[in-house]
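This report looks at how the chains fold and how they meet. Please keep the sequence and the model at hand while reading.

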Amino acid sequence: MKKDLLGIAELSSEEIYLILDTAEAMREIGQRPIKKVPTLRGKTVVNLFFEPSTRTRTSFEIAEKRLSADTLSIAVAASSVLKGETLVDTAMNIEAMSPDMIVVRHAASGACHLLSRICRSRIINAGDGMHEHPTQALLDAFTIREHKKRIDGLKVAIVGDLLHSRVLRSNVLLLTKLGAEVWVSGPRTLVPAGMERFGVRVSTSVEEAVADADVIMMLRIQQERMQGAFIPSLREYFTVFGMTAERVARAKPDVIIMHPGPMNRGVEIASEVADGPYSVILEQVANGVAVRMAVLYLLAGGQEGG
Amino acid sequence: MKRLLKGGRVVDPANGRDGVFDVLIDGDRIVRVGRDLPVEADVMVVEVPSGLVVCPGLIDMHVHLREPGQEHKETIATGTAAAVAGGFTAVACMPNTHPVNDNAGVTEYILKKAAEANLARVYPIGAVSRGQDGEQLADIAELRQSGCVALSDDGRPVATALLMRRALEYAGMFKMPVIEHCEDPSLKAGGVAHEGYHASTLGLHGIPGEAESIMALRDISLAELTGGCVHIAHMSARQTLDAVRYGKARGARVTCEVTPHHLVLTDEMLVSPIPYDTNVKMNPPLRASEDRDAMLAGLADGSVDVIATDHAPHHYDEKHVEFDRAPFGITGLETAVSLCLDRLVHAGVISLARLIELLSVNPAKILGVAGGSLAAGAPADLTILAPDLAVTVSVARMRSKAKNTPFDGWQLRGGVAATIVGGRVVYEGVGSLLQFLPPAL
Amino acid sequence: MDADRIARTLTRIAHEILERNAAPGDVHDLALVGIRTRGVPIAKRLAQLLRDIRGGDEVPTGTLDITLYRDDLMRHAVGPQPVVRKTEIPFSIDDKRILLVDDVLYTGRTIRAALDALIDFGRPKAIQLVVLVDRGHRELPIKADYVGKNLPTSPSQSVQVHLVEVDGRDEVEIVG
């Protein structure tokens, strides 16, 4: 494994499978009476979150603690950015305390690439702007493999605000690398330029995208998208793209419904679907810890010069 | 003092010359250019080594010197030093300083600083609107009077069609072109890179080429309406070039410029060799290879009038941040000639004579300043090029204060042997073959 | 050791286990935990043998991966992390007499890691160690309770155990 986890783009399919297989083993630890192994004992991991996050940050914290690492979460308030301390200075100050790994979430695409160039610590991308969220894609893949036993050959439909979603980019990269047939769907105004070059089918018809799908993955659509004139209203969005039971019925009978969270019920997904029998949304959360444990373990090995 | 540059290849397209000629200089003027000129007693003879090319001084008509107000990025002293090191005998500097150059005071300050530096000539460009805020015209007559050669709100477009119309009409009275940064602000929105596949893979907000061409069409229509002169700055999109051709065909007085980096690089630089390299972030952004290739075709077929660098120095700290937050712009004065010689002339896209048109003849014409020609009586502004010099671009050796360039380490064929302004040698290249030129008195 | 010898050795060990755990109730508390990778098929074979000899229910058998407990992780400058496989111990180890099973006992560090791992699973009544081969050169104070064969070796040699379930044949060979 390379020094950092900046994105799925830098991972080979072998490395992805290695992470998924290791996560299998890690999951079992969460089922023991003593949910701890000594593997990262004495290692310091800093969670440097420039964007608020409960789900991802907690998941990383638990993963770190289960591996016996010393963990420190820093929620960088907007105010210290306003005070003028740059991302680079903040990271260099943290580095001065010699953490082994820094888990970073930031609002700017490429923030982790910048830190990777200047920090000695291993950088794990917990979400950078609109670019990538690799551990989310990995835990999504883990969840899919759990249910479907494989990834290649599956039809996966990803629906929502494609343009602004880092979860989309990471998932598209991972699923196409592993041989799935990926369809992406959303309003035309929210389709990134050059989307076809990602190796996916693009459709502004959600019905077409989910037809006979094995997996349906919903993405958040945010209130802010009405500024910038991307969509006229959330109400209209739900009518055209919302995942309703009726649309789910077009997929395969054993389809699984996924969502990276947090959900906007009644906007991208109907409550009955979110809570319905096909939904694996809560499993995704549970799997997040095992997958992140695998990533931390695989990245932690070796020292300088490794 | 009289000097005779003897036996060099002279490329002077304004006077139809490309061949071996002698150039006789007296003080700050060119006296004569001809073959085998007689050598008089009081003339110092300088044998031009073979392989070097003597041409009219290069003029960069789009440069940000940052002074007054942003001296941490560049000063007029360092900027003009960079200019002459890059082979430019003159630069035209944009008014988006702090304070904006919308009055005689700032114009005179700039000219004073340029005179103190005493290197390249500086032609200030005045603001179109007061404070460049797009509401009222600046005092254009005053700007003209104090020394401005053109007007621009560069950094942004002239805010409204009405104001652009008025500017073209009014500036036309003083024969000043309006240099326009073509960009529709609503389409540019929060964009930081060319809207396309590469920006999408990196999760960067994109700026479509049409953001530029829409505004170009507006300005070309207004140029037609008013009879004024509009010069399209730093053109990057093929749609804009099409608009320029359309305008020229209809007889509108429109000219356009392209930067060297838009002729050499594409948006693939966002991803490789350094992903999110802020030294490839500029506005307008590097576009797709179709756009770059269209610009090259425009150079060759005459649709493009000028190559200008849009030299935009920034302090290292300002660029050493997340891509979204970095200011737009890269330097250009010290890389332009080598890039153009290597990637345009040696690559066979255009001839050396055409390059001199783009870098000297046309800028002089558009700005209405002396230059671009080695005629008798012309100022003795000359650039001695070394088209076969092996150059390795080195940021460490640059005279500009700023290091924001993606070309560091590039190996190019072609460079500057010497730069002469008003008869004085203001720059001599290291390793230049022309080591024997004594400075003027 | 050839296949035949291995089979007879395991049978002998199975009898020894039953002898030493002959006190009333002891046998019912027995459980086998094989250390990955080759301790696992040996444990499974022992479970089968114990059942064959004694009759009754099969002795509960589990699989233990000790990778995450190794004392040599994070110490090597280069190379990827060792692969982690699943640990499956589908029964409570509290109050059990655990028979920890491995193929080769050498420095004792693997067993030390296994003991640490087992303690995290609960509080067994006792842990006894079963190995097919003891090749000496202990670096920690660890001793096996049941040894298939003592094979004196030099540190430059290596002992390779092949088992049908993993390698397609039964054989123990010394290499080097």
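What share of the 176 residues in chain C is made up of buried residues? The model is predicted, and in it 49% of the residues of chain C are buried.

**Chain C**

Chain C has four helices and seven strands. Read from the N terminus, its elements follow the order α-β-α-β-β-α-β-β-β-α-β. Its radius of gyration is 16 Å, close to the 16 Å that the globule rule gives for 176 residues, so chain C is as compact as a globular protein of that length. The C-alpha trace spans about 50 × 35 × 30 Å along its principal axes. Among contacts in chain C with a separation of 6 or more, 68% join residues 24 or more positions apart.

**Chain B**

Chain B holds 13 helices and 18 strands. Its C-alpha trace covers about 65 × 50 × 40 Å along the principal axes. What does the radius of gyration of chain B agree with? The value is 21 Å, and a compact globule of 441 residues would have one near 22 Å, which agrees. Of those 441 residues, 63% count as buried. Contacts between residues 24 or more positions apart account for 75% of the contacts in chain B with a separation of 6 or more.

One buried position is Ser400(B). This residue sits in the loop between strand E16 (382-392) and strand E17 (411-421) of chain B. Why does Ser400(B) count as buried? Ser400(B) counts as buried because its relative accessibility is 2%, and the cut-off for buried is under 20%. Leaving aside residues up to four places away in sequence, Ser400(B) touches Glu74(B), Thr78(B), Ala82(B), His311(B), Pro313(B), Thr331(B) and Glu334(B).

**How the chains meet**

Two pairs of chains are in contact, and chains A and C share the most contacts. Chain B and chain C do not touch. Their nearest C-alpha atoms are 25 Å apart.

The contact between chains B and A involves 19 residues from chain B and 22 residues from chain A. About 1700 Å² is buried between these two chains, and carbon and sulfur atoms give 62% of that area. Which three residues supply more of the area that chain B buries against chain A than any other three? They are Tyr197(B), Tyr276(B) and Glu322(B), with 35%.

By class, the side of chain B that touches chain A has eight nonpolar, seven polar and four charged residues. No salt bridges are found across this interface. Five residue pairs are in polar contact between chain B and chain A, both residues being at pLDDT 80 or more.

**Salt bridges**

Over all chains, the structure holds 53 salt bridges. Three of them are set out here.

| Pair | Closest N to O distance | Relative accessibility |
|---|---|---|
| Lys86(C) and Glu24(A) | 3.8 Å | Lys86(C) 30%; Glu24(A) 23% |
| Arg165(B) and Glu169(B) | 3.0 Å | Arg165(B) 30%; Glu169(B) 32% |
| Arg51(C) and Glu58(C) | 3.3 Å | Arg51(C) 38%; Glu58(C) 40% |

The side chains of Lys86(C) and Glu24(A) meet in a salt bridge. This pair crosses between chains. Lys86(C) lies in the loop between strand E2 (61-64) and strand E3 (97-105) of chain C, while Glu24(A) belongs to helix H1 (residues 13-29) of chain A. Lys86(C) is partly exposed, and Glu24(A) is partly exposed too. The two residues are also part of a wider network: salt bridges link Glu24(A), Arg27(A), Glu146(A) and Lys86(C).

Where do Arg165(B) and Glu169(B) lie? Both are in helix H4 (residues 161-173) of chain B. They are four residues apart, about one turn of the helix. Arg165(B) counts as partly exposed, as does Glu169(B).

The third pair lies within chain C, where Arg51(C) forms a salt bridge with Glu58(C). Arg51(C) is partly exposed at 38% relative accessibility. Glu58(C), at 40%, also counts as partly exposed.

Terms used: Residues are numbered from 1 along each chain as its sequence is written. Chains are lettered from A and ligands numbered from 1 in the order in which they are written. This is a predicted model: local features need pLDDT of at least 70, side-chain atom pairs count only at pLDDT 80 or more; totals for chains, interfaces and linings use all residues. Side-chain values use heavy atoms; hydrogens and water are left out. Contact means heavy atoms within 4.5 Å. Buried area is the accessible area (1.4 Å probe) that two parts lose on being put together, summed over both. A salt bridge is a side-chain nitrogen of Lys or Arg within 4 Å of a carboxyl oxygen of Asp or Glu. A polar contact is a pair of N or O atoms within 3.5 Å; within protein, one must be able to donate a hydrogen and the other to accept it, and residues adjacent in sequence count only if both atoms are side-chain atoms. Ala, Val, Leu, Ile, Met, Phe, Trp, Tyr, Cys and Pro count as nonpolar, Asp, Glu, Lys and Arg as charged, and the others, Gly among them, as polar. Helices (H or I, at least four residues) and strands (E, at least two) are DSSP runs, numbered from the N terminus. The radius of gyration is taken over C-alpha atoms; the globule rule is 2.2 Å times the number of residues to the power 0.38. Buried means under 20% relative accessible area, exposed over 50%, partly exposed in between (1.4 Å probe, protein chains only).
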